Amino acid sequence: MASVTGAGSRTGMVERAFAVLGAFDDRHRVLTLTELGRRSGLPVNTTLRIVRDLVGTGALERRADGTYVVGLRLFEIAALAPRSQGLRALAMPSLEDLHAVTEEHVLLTVREDDEAVLVERLSARGAGRVRYRVGGRMPLDRTGGGLVLLAHAPTGLQDAVIATTDGSGLLGPGSDLRRQLAAIRREHVLVAAEQTATDGALPMGTVAAPVVGPGDVVVAAVSVVLPADPAAARALVPAVRTTVRAISRALVARR
């Protein structure tokens, strides 16, 4: 009985540690101890003990003013993840070729549960805006890469996203998301554009296609983000398809 309790306690410690680490995001890169406790939902005393352990391992760093930031040790460990860095290493030559041809944002995205995670982004100087950073998460229905991944996700996840979407995704209000996902699977590409931009900037468009790994499983999506122009987006479809085919071949060859 004691061993079960110990295992549960250790699991709880890991969950609490990840709750503290999860308090950081794009808008909260530097946090005080009080902010870490509030954002993680943990008591300050518990947060303090966890933070001390995380600082000791290098997962967090304490700055001279007493605030905390994510430590380099986390980056070192994350660099070993095959779904990010391994995939990125194989994909990078093809992504760089696509970037040179388009001179626009080129994104490589994978799915983690019900979110898309940006693994790599190549951006040309002077290219339009893009909202997400490498390592950042985004709703599946808000980006071209996310929609491609959603189209090849389990049916239950598709149903859940369709049931909860508020019509503010990339495809816009009134769109038939289920029909659009079927079209992505059928055509192996998505060409879409924002209906309006929420921050006053020019609307952006995207061309996205799936990367297929061993066993014909979709493991990632490549997308180009450019100013909304249907003709320009359609002209990039062959280049995006060539890129995902090259990455897919590299994944199969590695196996």
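**Figure 1. R254 sits in helix α10.** Start with the end of the chain in this predicted model. R254 belongs to helix α10, and its contacts, once residues up to four places away in sequence are set aside, are G86 and L90. Another residue to find in this view is G213: 41 residues separate R254 and G213 in sequence, and their C-alpha atoms are 9.9 Å apart in space. As for the helix itself, α10 lies across β6, β7 and β8. Its direction makes an angle of about 25° with β7.

**Figure 2. Six strands make one open sheet.** Read across the sheet and the order is β5-β4-β3-β8-β7-β6, with antiparallel pairing. Which strands are at the edges? They are β5 (137-139) and β6 (190-193), and each of them pairs on one side only. Neighbouring strands are turned against each other by 30° on average, ignoring direction. For the wider setting, the secondary structure of the chain comes to 10 helices and eight strands.

**Figure 3. β3 is largely enclosed by the rest of the structure.** Why call β3 largely enclosed? Because six of its eight residues are buried. On one pairing, β3 and β4 run antiparallel and share seven bridges. Look for L108 opposite E120 in β4, and for R111 opposite A116 in β4. The hairpin of β3 and β4 has two residues between the strands, and D113 there takes a positive phi near 60°. β3 is also joined to β8, by five bridges and again in the antiparallel sense. In that pairing L107 stands opposite S223 in β8.

**Figure 4. The edge strand β6 shows two faces.** In a regular strand, side chains alternate between the two faces of the sheet. Here is how that plays out along β6: L190 and A192 point to one face and are buried. V191 and A193 point to the other face and are not buried. The partner strand is β7, paired with β6 in the antiparallel sense over four bridges. To get your bearings on the pairing, find A193, which stands opposite G205 in β7.

**Figure 5. The largest nonpolar core holds 26 residues.** Which residues have the most contacts inside this core? They are L95, L108, V207, V211, V222, V224 and I247. The elements that each supply two or more residues are α5 (82-102), β3 (105-112), β4 (115-122), β7 (204-213), β8 (217-227) and α10 (237-254). Zoom in on V207 and, leaving aside neighbours within four places in sequence, you'll find contacts with V189, L190, V191, V222, S223, V224, A233, L236, V237 and V240. Apart from this core lies another, made of 25 residues, including L149, L150, A192 and V225. Over the whole chain, buried residues make up 40% of the 255 residues.

**Figure 6. Helices α6 and α8 cross at about 85°.** Two packed helices are described by the angle between their axes and the distance between the axes. For α6 (residues 144-151) and α8 (residues 177-187), the angle is about 85° and the axes are 9 Å apart. The two helices are therefore roughly perpendicular to each other. On the α6 side, the contact is made by L147, V148, L150 and A151; on the α8 side, by L177, L181, I184 and R185. Sorted by class, that contact comes to seven nonpolar residues, one charged residue and no polar ones.

**Figure 7. L31 lies in the loop between α1 and α2.** Follow the chain from α1 (2-21) toward α2 (33-40), and L31 is in the loop between them. Is L31 buried or exposed? L31 has a relative accessible area of 1%, so it counts as buried, the cut-off being under 20%. Not counting residues up to four places away in sequence, L31 touches A23, F24, L36, R39, T67 and Y68. Take Y68 from that list: L31 and Y68 are 37 residues apart in sequence, with 5.3 Å between their C-alpha atoms. For the chain as a whole, residues 24 or more positions apart account for 49% of the contacts with a separation of 6 or more.

Technical notes:
Residues numbered from 1 in each chain as written. Predicted model: local features only at pLDDT ≥ 70, side-chain atom pairs only at ≥ 80, totals over all residues. Heavy atoms only, no water. Axes fitted to C-alpha atoms, helices over the stretch in contact; angles between N-to-C directions. Parallel < 35°, antiparallel > 145°, perpendicular 65-115°, else oblique. Contact = heavy atoms within 4.5 Å. Nonpolar A, V, L, I, M, F, W, Y, C, P; charged D, E, K, R; others polar. Core = buried A, V, L, I, M, F, W, Y, C linked by side-chain atoms within 4.5 Å. Buried < 20%, exposed > 50% of the residue type's maximum accessible area, 1.4 Å probe, protein only. Pairing = 2+ DSSP bridges.
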